[in-house]
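Me: Could you take a close look at one part of this structure with me? I would like to follow a single helix and see what lies around it.

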Amino acid sequence: DIAFINGRFVPWEDATVPIEDRGFQFGDGVYEVIRTYRGMPFELDAHLRRLDRSAAELQLPSPYRHADWRAWIDAGIEQAGYPEAKIYLQITRGVAPRDHAFPADARPTTVMTIRELHPLPDDTRSRGVKAKTVEDLRWGRCDIKSVNLLPNVLARQDAKRAGVFEAILVKDGWVTEGSVSNVLAVRQGRIVTAPEGPRILSGVTRHVVLELARKEAFPIEERYLSLPDLYAADEVFLTGTTVEVLGVIDIDGRQIGAGVPGAITTRLAAQWAAMTA
Ligand code: PDD
C-alpha cells in the first residue's frame, strides 16, 4: 500500500498525521475516491475538478495543481503495482490548536493512499443487491465531498446490520442518494434521479452513466422521487466509483420490478463494462 503526505511518499507505518489536525478534530476537510481500470485512473480530471470545488466551497486553499496530482498518482499506481487500485485523496485545513474558527497560518494537510481494489463479485452484480431506506440526516451542502461522513457512516452501518448492501437516504419523504452512491430509478421507461444541487453529491459515475443513457436515447428526468414512487419503480440502480452500475432488487423488503436487475440497468451496466474494459 502506498501512502503520501504533504508532497512526499512515506512508508505506510510512518504515514501519520498530528492529533491536532483539523480533519481529525473537526472533519474540516475534503476528499476524493478514484479507481483505476487497467492501471489508469478513471475520470481523474472530473475528480480533481470536484476536489477543487469542494475545497473552494470550504475556503480551503487547494495546495497542488492538477499536473502535480497526476504525476504523483501515476507514480503511486506504478509503485503499488495492483491490478486495480483505489486512490484516496484528502485535504484538511491543517494542524492548529483547537479553535473552531479558521487558524490564521495553518498549512493544509494533504494525504493520498493507494490500496488494492477488490471488485464486487460478478454474481452479486448479476443478481443485484438489496437496500433499505434511512432518514437523510445530513447537512445542507451534500454537494461538498467533505470528510464529515457521520450520517453516511451511521446509515451504512444501519444497512449492514439489516443485512443489505446500501442505505438509500430519504429527506422529508424524497429520495436523495445512497450512503456511498447515487440512486437512479426507471419509471415508465424514463430514468429518474435527484437533480444536482446541495442535497446530493454530483457523482462522477452518475454523470458518465447519464451520458451513456443519452446516447442510448433513454429519456432522463432529473427530479426527486418520493418513497412510494421508489417502491413502485420498474428498476432501481446505484452508481458510484466503487459500485459502478449496480441493480437494486429489493428495498425495505419490497421487491423492485421483477426482482432481478432490469433491462435498462443491465444495458447501462454492460455499456459501463465495455467502456472500462
Ligand atoms: N463515495 N454520493 C455519495 C454520498 C458518495 O459518497 C459517493 C461516492 C457518490 C458517488 O460519487 P462518484 O460516482 O463520484 O464516486 C454519491 C465514495 C466512493 C466514497 O466515499 O467512498
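Reply: Happy to. Let me begin at the sheet beside the helix, with E3 and E4, which pair in the antiparallel sense over two bridges. Please keep in mind that this is a predicted model. In that pairing, Thr-36 stands opposite Pro-41 in E4.

These two strands belong to an open sheet of six, ordered E2-E1-E6-E5-E3-E4, with antiparallel pairing. Strand E2 (8-10) and strand E4 (40-41) are at the edges, and each has a single partner strand, so one side of each is left without a neighbour in the sheet.

Now to the helix, H2, which covers residues 44-57. At 1.5 Å a residue, its 14 residues should span 20 Å, and the end C-alpha atoms are indeed 20 Å apart, so the two values agree. Which residues of H2 are buried? They are His-47, Leu-48, Arg-50, Leu-51, Ser-54 and Ala-55. These residues cover an arc of only 160 degrees around the axis, which puts them on the same side of H2. As for what that side meets, the buried residues pack against strand E3 (29-37), helix H3 (66-80), strand E5 (85-92) and H6. Both E3 and E5 are among the strands of the open sheet described above. Just after H2, Gln-59 takes a positive phi of about 50 degrees.

Arg-50 deserves a closer look. This residue of helix H2 has 21 other C-beta atoms within 10 Å, and it counts as buried because the cut-off is 20 or more. Setting aside neighbours within four places in sequence, Arg-50 is in contact with Glu-32, Lys-145, Ser-202 and Val-204. To give a sense of distance, Arg-50 and Ile-168 are 118 residues apart in sequence, and their C-alpha atoms are 23 Å apart in space.

For contrast, try Arg-115, which is found in strand E6 (residues 109-116). Is Arg-115 buried or partly exposed? With 15 C-beta neighbours inside 10 Å, Arg-115 counts as partly exposed. Leaving out neighbours within four places in sequence, the contacts of Arg-115 are Asp-1, Ala-85 and Lys-86. Arg-115 and Pro-228 are 113 residues apart along the chain, with 39 Å between their C-alpha atoms.

Back to the helix, since one of its contacts leads on to the ligand. Val-204, a contact of Arg-50, is also listed with Gly-203, Thr-205, Gly-240 and Thr-241 as the closest residues to the ligand. How many residues surround the ligand? The number is 15. By type, the residues of that shell divide into four nonpolar, nine polar and two charged. Helix H6 (204-215) and strand E14 (235-240) each supply at least two residues of the shell. H6 gives the most, with three residues. H6 also takes part in the packing around H2, as one of the elements that the buried residues of H2 pack against.

So the walk from H2 runs like this: the buried side of the helix packs against H6, among other elements, Arg-50 on that side is in contact with Val-204, and Val-204 is among the residues closest to the ligand.

Methods:
Residues numbered from 1 in each chain as written. Predicted model: local features only at pLDDT ≥ 70, side-chain atom pairs only at ≥ 80, totals over all residues. Near = placed C-beta within 6 Å. Helix = DSSP H or I, 4+ residues; strand = E, 2+ residues; numbered from the N terminus. Nonpolar A, V, L, I, M, F, W, Y, C, P; charged D, E, K, R; others polar. Expected span 1.5 Å × (residues − 1). Buried ≥ 20, exposed ≤ 12 C-beta atoms within 10 Å, placed from the backbone. Arc of directions from axis to C-beta. Contact = placed C-beta atoms within 7 Å. Pairing = 2+ DSSP bridges.
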